[in-house]
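Q: I am new to this structure and would like a close look at one part of it, the nonpolar core. Please describe that part and set it in the context of the chain.

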Amino acid sequence: YHEGTAQVKTRLFDIYRREYENFAQMNGESVALFSRFQSIVNKMRANRSQLPYDDYERAIKLLHALDRKVWEVKVAAITESPNYETLTVDELFSKLKSTEINNQTRAKLENPSAPTMALVSGTGSSSSLTLSY
C-alpha cells in the first residue's frame, strides 16, 4: 500500500523517464553526473521492474549528455573505439574518471598553488596570470 497503486507507479515512472530523456551535464559538473544519472535510473527501476533501456543504451545516453565543450575529444575517441557497440556505464565512468583525474593531476603539477581555473606562467618576480578554459 505504501508504494502506491499501479497507476501511481506508472505516473512516477513516466516522470522519471522524462528526467532520463532530458538528462544533460550541468555547467561545471564533473563526472559526479553519474550519481545523478544513477539516481534517476533507480527511481525508474523502483516503479517498474523491467527498464526500457539496457546498460549499453544508458551508457550511450550518458555519453551524449556530456558537455561537448569539455568532453568533445574524449567522446569522439570513445565513439570511434572498437568496443563502442558493447560500452557499459561502468566502462564509460572508468574512462571519464581517469581522464578527469589525469587533467586534475596535470593542472596541479603545472602549478601546485594556483586555483583550479588559473595557471600562473612566467619566471622570477614578473609573472603573468593566464586563464585556461
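A: What follows starts with the chain as a whole, moves to the core and one residue of a core helix, and ends with confidence.

This is a predicted model. The protein chain holds five helices and two strands. Read from the N terminus, the order is α-α-α-α-α-β-β, so the helices precede the strands. The chain has 133 residues, and 29% of them are buried. About 9,000 Å² of the protein chain is exposed, with carbon and sulfur atoms supplying 54% of that area. Contacts also span the sequence: of those between residues at least 6 apart, 53% join residues at least 24 apart.

Now the core itself. The largest nonpolar core contains 27 residues. Within this core, the residues with the most contacts are Phe 34, Leu 62, Leu 92 and Leu 96. At least two residues of the core come from each of α1 (6-21), α2 (33-47), α3 (55-65), α4 (68-80) and α5 (89-110). The most is given by α2, which supplies six residues.

Phe 34 shows how these parts meet. Apart from its neighbours within four places in sequence, Phe 34 is in contact with Leu 62, Val 89, Leu 92, Phe 93 and Leu 96. Three of the names in that list, Leu 62, Leu 92 and Leu 96, are also among the residues with the most contacts inside the core.

Helix α2 also holds Ile 40. The relative accessible area of Ile 40 is 5%, so this residue counts as buried, the cut-off being under 20%. When residues up to four places away in sequence are not counted, Ile 40 touches Tyr 16, Glu 19, Tyr 20 and Phe 23. A further distance can be given for Arg 17: Ile 40 and Arg 17 lie 23 residues apart in sequence, and their C-alpha atoms are 8.0 Å apart in space.

Last comes the confidence of the prediction. Mean pLDDT for the protein chain is 84, and 83% of the residues reach 70 or more. Helix α3, one of the helices that supply the core, has the highest confidence, at 96. The lowest belongs to strand β2 (residues 126-131), with a mean of 38. Over residues 117-133 pLDDT stays under 50, and the model has 21 contacts beyond four places in sequence for this stretch. Where pLDDT is low, predicted coordinates should not be read in detail.

Definitions and conventions:
Residues numbered from 1 in each chain as written. Predicted model: local features only at pLDDT ≥ 70, side-chain atom pairs only at ≥ 80, totals over all residues. Heavy atoms only, no water. Helix = DSSP H or I, 4+ residues; strand = E, 2+ residues; numbered from the N terminus. Buried < 20%, exposed > 50% of the residue type's maximum accessible area, 1.4 Å probe, protein only. Contact = heavy atoms within 4.5 Å. Areas by Shrake-Rupley, 256 points an atom, 1.4 Å probe, with all protein chains shown as cover. Core = buried A, V, L, I, M, F, W, Y, C linked by side-chain atoms within 4.5 Å. pLDDT = per-residue confidence, 0-100.
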